[in-house]
Amino acid sequence: GAAFVGVCASLDYYFAFASLTYVSTLLVGLANSLLPLFVGIATYFVFGELLSWNDLVGAVLILMGMITVIATKEPDGGTQTQTQGARGK
């Protein structure tokens with residue numbers, strides 16, 4: 001199981017750095033935060049490991065956080081917090 005997780009993590013970092021030339025760092029960061037969720041799903045299907053309630057609650061929290069970040073994104077590509085900081089507010 002640990003070797004599989006290591007391979008998945010290595011591929012995640014490879015694709016994250018390779019994609020930085022094509023998409024924003026915000027999108028790469030959001031995709032990178034899905035790694036624990038995808039590893040949990042993969043271990044369920046590949047090794048038959050059951051997910052606990054803690055795992056499911058963590059998955060929901062990850063998705064809620066991502067939705068929050070996406071919902072607060074402004075049309076210029078920044079988030080509201082970043083833009084306010086740049087304006088000196």
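Colleague: Hi! Before we start, what is a nonpolar core here?

Modeller: Hello! A nonpolar core is a set of buried Ala, Val, Leu, Ile, Met, Phe, Trp, Tyr and Cys residues joined through side-chain atoms within 4.5 Å. Keep in mind that this is a predicted model.

Colleague: Thanks. Which residues make up the largest nonpolar core?

Modeller: There are five residues in it: Leu-30, Leu-34, Leu-37, Ala-59 and Met-66.

Colleague: And what is Leu-37 in contact with, leaving aside its neighbours within four places in sequence?

Modeller: Leu-37 is in contact with Ala-59 and with Leu-63.

Colleague: Where does Val-60 lie?

Modeller: Val-60 is part of helix 4. From Leu-37 to Val-60, the C-alpha distance is 9.3 Å, with their places 23 residues apart in sequence.

Colleague: Why does Val-60 count as partly exposed?

Modeller: Its relative accessibility is 45%, so Val-60 counts as partly exposed. That class covers what falls between the 20% limit for buried and the 50% limit for exposed.

Colleague: Nice. Let's step back: how many helices and strands are there in the chain?

Modeller: The chain has five helices and zero strands. Read from the N terminus, the order is α-α-α-α-α.

Colleague: How much of the chain is buried?

Modeller: Of the 89 residues, 20% are buried. As for contacts with a separation of 6 or more, 58% of them are between residues 24 or more positions apart.

Colleague: What about the surface the chain exposes?

Modeller: It comes to about 6,600 Å², and carbon and sulfur atoms supply 69% of that.

Colleague: Which residues make the nonpolar surface patch?

Modeller: The patch is about 1,100 Å², made by Phe-38, Ile-41, Tyr-44, Phe-45, Val-46, Phe-47, Leu-50, Leu-51, Trp-53 and Leu-56. Two elements, helix 3 (35–47) and helix 4 (53–71), give two or more residues each.

Colleague: Which element gives the most?

Modeller: Helix 3 does, with six residues.

Colleague: Where is the place of Leu-51, then?

Modeller: Leu-51 sits in the loop between helix 3 and helix 4. Its relative accessibility is 37%, so Leu-51 counts as partly exposed.

Colleague: Last topic, confidence. What pLDDT does the chain average?

Modeller: The average is 79, and 81% of the residues score at least 70.

Colleague: Which elements have the lowest and the highest mean pLDDT?

Modeller: Helix 5 (residues 80–87) has the lowest, with a mean of 50, whereas helix 4 has the highest, at 89.

Note on methods. Residues are numbered from 1 along each chain as its sequence is written. This is a predicted model: local features need pLDDT of at least 70, side-chain atom pairs count only at pLDDT 80 or more; totals for chains, interfaces and linings use all residues. Side-chain values use heavy atoms; hydrogens and water are left out. Patches are made of residues with over 30% relative accessible area and no salt bridge: like charges are joined within 9 Å, nonpolar side chains (Val, Leu, Ile, Met, Phe, Trp, Tyr) within 5 Å. Accessible areas come from the Shrake-Rupley method with a 1.4 Å probe; for residues, only the protein chains shown count as cover. A salt bridge is a side-chain nitrogen of Lys or Arg within 4 Å of a carboxyl oxygen of Asp or Glu. Helices (H or I, at least four residues) and strands (E, at least two) are DSSP runs, numbered from the N terminus. Buried means under 20% relative accessible area, exposed over 50%, partly exposed in between (1.4 Å probe, protein chains only). Contact means heavy atoms within 4.5 Å. pLDDT is the predictor's confidence in each residue, from 0 to 100.
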